[in-house]
Amino acid sequence: MDVVSDAISAVRVGRPSSDRVRVGGDWCARLDPYDGAGFHVVLKGSCWLLPDGGDPVALGAGDAVLLPHGTGHVVADSPADAATVARAVPFARWADRTLPQPPLPAFGTRAREVEMLCGKYRLDRSHAHPLLAELPPLVHLPNRAGRHPELRAAVDLLGGELGGEPHERRPGSAVALPSLLDLLLVYMIRSWLAESTDGSWPGALGDPVTAAALRALHADPAAPWTNDLLAAEAGVSRPTLARRFTALTGRPPMAYLTWWRLTRAAALLRDSPDPLATIARRVGYSSPYAFSHAFRREFGTTPGRYRAAREEPVTLTGP
């Protein structure tokens with residue numbers, strides 16, 4: 001595993017949801033804050049996104065936007081005023097086709113028609129990786145010639161799978177859709193990392209020494225790492241590794257390793273039925289006792305209680 005893959009895997013729970021939405025005329029819809037990350041991709045036409053507490057963002061055909069912290073927002077045909085925003089239709093009604101269509105949007109009209117892919121990912125933020133925590137409230141990825149070809153390909157594939165009514169979807173779509181949605185999230189985060197000029201984690205993954213150490217720790221977190229072994233893996237002296245790694249990640253190498261081992265263990269407790277001894281070995285602890293002691297120090301509770309608190313199944317509703 002690599003840092004981005006591990007960061008996503010550690011917080012993702014349940015299945016992502018998505019829908020293809022078509023609307024025309026004058027319209028305004030609201031998504032309340034939620035426990036996860038949301039996205040919109042404009043396939044046709046243009047619209048505006050108004051994040052809570054932020055400035056309006058104009059979206060054109062081919063633009064993608066990620067709201068990694070579940071910020072509440074409004075999507076509308078124009079940069080609507082406060083009174084219009086207050087009357088916004090709940091966005092979930094668009095995706096639930098069993099309900100009457102909301103009165104404001106004029107579905108199926110040709111006037112100023114907009115078509116979008118919209119969805120969200122359910123995330124457990126109890127111990128999110130700092131790479132994800134560093135993402136801004138809104139990541140806007142404009143459609144520019146030659147930029148983000150992988151992201152564009154994923155959007156095209158996802159749009160094809162979501163075309164038509166649910167009963168008209170092609171065989172295998174129940175497997176394809178969650179995989180494509182996961183791919184879309186990875187490509188949006190990659191695109192942000194490639195373009196970001198702020199934050200430490202784009203720099204950490206771009207620094208050859210720190211990136212080499214991170215790759216080694218994430219590839220085998222259970223290995224008996226020491227500062228000397230990790231420095232040799234990165235091809236530098238121990239002081240050089242400590243200085244560069246700490247400056248870019250915010251933690252010394254061994255402190256990061258301990259944190260990541262316990263964060264990985266928390267995900268295993270949440271997502272797998274493996275016994276405590278097995279999880280302890282998988283994340284580098286020689287005994288359940290040593291693991292439990294370290295886990296309690298980091299999370300403030302025992303592994304068993306942590307698992308029990310997360311045994312209730314997660315359900316994911318529409319966007």
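The following exchange introduces a predicted model through its sheet, cores, cavities and selected residues.

Trainee: In what order do the strands of the open sheet of five strands lie?

Mentor: The sheet is open, and its pairing is antiparallel. Its edge strands, each pairing on one side only, are strand 1 (17-23) and strand 10 (139-141). From one strand to the next, the twist averages 15°. With those edge strands at its ends, the order reads 1-9-3-6-10.

Trainee: Over how many bridges do strand 3 and strand 9 pair?

Mentor: Strand 3 covers residues 36-44 and strand 9 covers residues 114-122. Gly36 has Arg122 as its bridge partner in strand 9, and Phe39 stands opposite Gly119 of that strand. The two strands pair in the antiparallel sense, and the number of bridges is eight.

Trainee: Which residue of strand 6 is the bridge partner of His40?

Mentor: Strand 3 is also joined to strand 6 (residues 64-67), and these two run antiparallel. Four bridges make this connection. In strand 6, the partner of His40 is Val65.

Trainee: Why is strand 3 described as largely enclosed by the rest of the structure?

Mentor: A residue is called buried when its relative accessible area is under 20%. Strand 3 has nine residues, and the description follows because the number buried is seven.

Trainee: Which helix gives the most residues to the largest nonpolar core?

Mentor: In soluble globular proteins, nonpolar side chains tend to be buried together. The largest nonpolar core here has 53 residues, and those with the most contacts inside it are Phe39, Tyr121, Leu158, Leu184 and Ile189. The helix that gives the most to this core, with ten residues, spans residues 173-195 and is helix 6.

Trainee: How many residues make up the other core, which lies apart from the largest one?

Mentor: Among the members of this other core are Trp27, Ala29, Leu31 and Val57. It lies apart from the core of 53 residues. Its number of residues is 18.

Trainee: How much space lies in the largest cavity?

Mentor: A search of the whole structure finds two cavities of 30 Å³ or more. The lining of the largest cavity includes Ile8, Val11, Leu185 and Ile189. Helix 1 (3-11) and helix 6 are the elements that give two or more residues to that lining. The space in this cavity is about 90 Å³.

Trainee: How far apart are the end C-alpha atoms of helix 11?

Mentor: Helix 11 (residues 253-271) has 19 residues, and at 1.5 Å a residue it should span 27 Å. Of these residues, 14 are buried, so the helix is largely enclosed by the rest of the structure. The distance between its end C-alpha atoms agrees with the expected span, at 27 Å.

Trainee: Is His148 buried or exposed?

Mentor: His148 is placed in the loop between strand 10 and helix 5 (149-161). It has a positive phi of about 55° although it is not a glycine. Its relative accessible area is 12%, and the limit for burial is under 20%. His148 is therefore buried.

Trainee: What is the C-alpha to C-alpha distance between Gly45 and Glu113?

Mentor: Gly45 lies in the loop between strand 3 and strand 4 (47-51). With a relative accessible area of 32%, Gly45 is partly exposed. Gly45 and Glu113 are 68 residues apart in sequence, yet in space their C-alpha atoms are separated by 6.1 Å.

Methods:
Residues numbered from 1 in each chain as written. Predicted model: local features only at pLDDT ≥ 70, side-chain atom pairs only at ≥ 80, totals over all residues. Heavy atoms only, no water. Core = buried A, V, L, I, M, F, W, Y, C linked by side-chain atoms within 4.5 Å. Buried < 20%, exposed > 50% of the residue type's maximum accessible area, 1.4 Å probe, protein only. Pairing = 2+ DSSP bridges. Axes fitted to C-alpha atoms, helices over the stretch in contact; angles between N-to-C directions. Expected span 1.5 Å × (residues − 1). 1 Å grid on protein atoms, 1.4 Å probe; cavity = no way out; pocket = protein on both sides within 12 Å on 5 of 7 lines; lining within 4 Å. Points joined across faces, edges and corners; volume = space filled by probe spheres on them.
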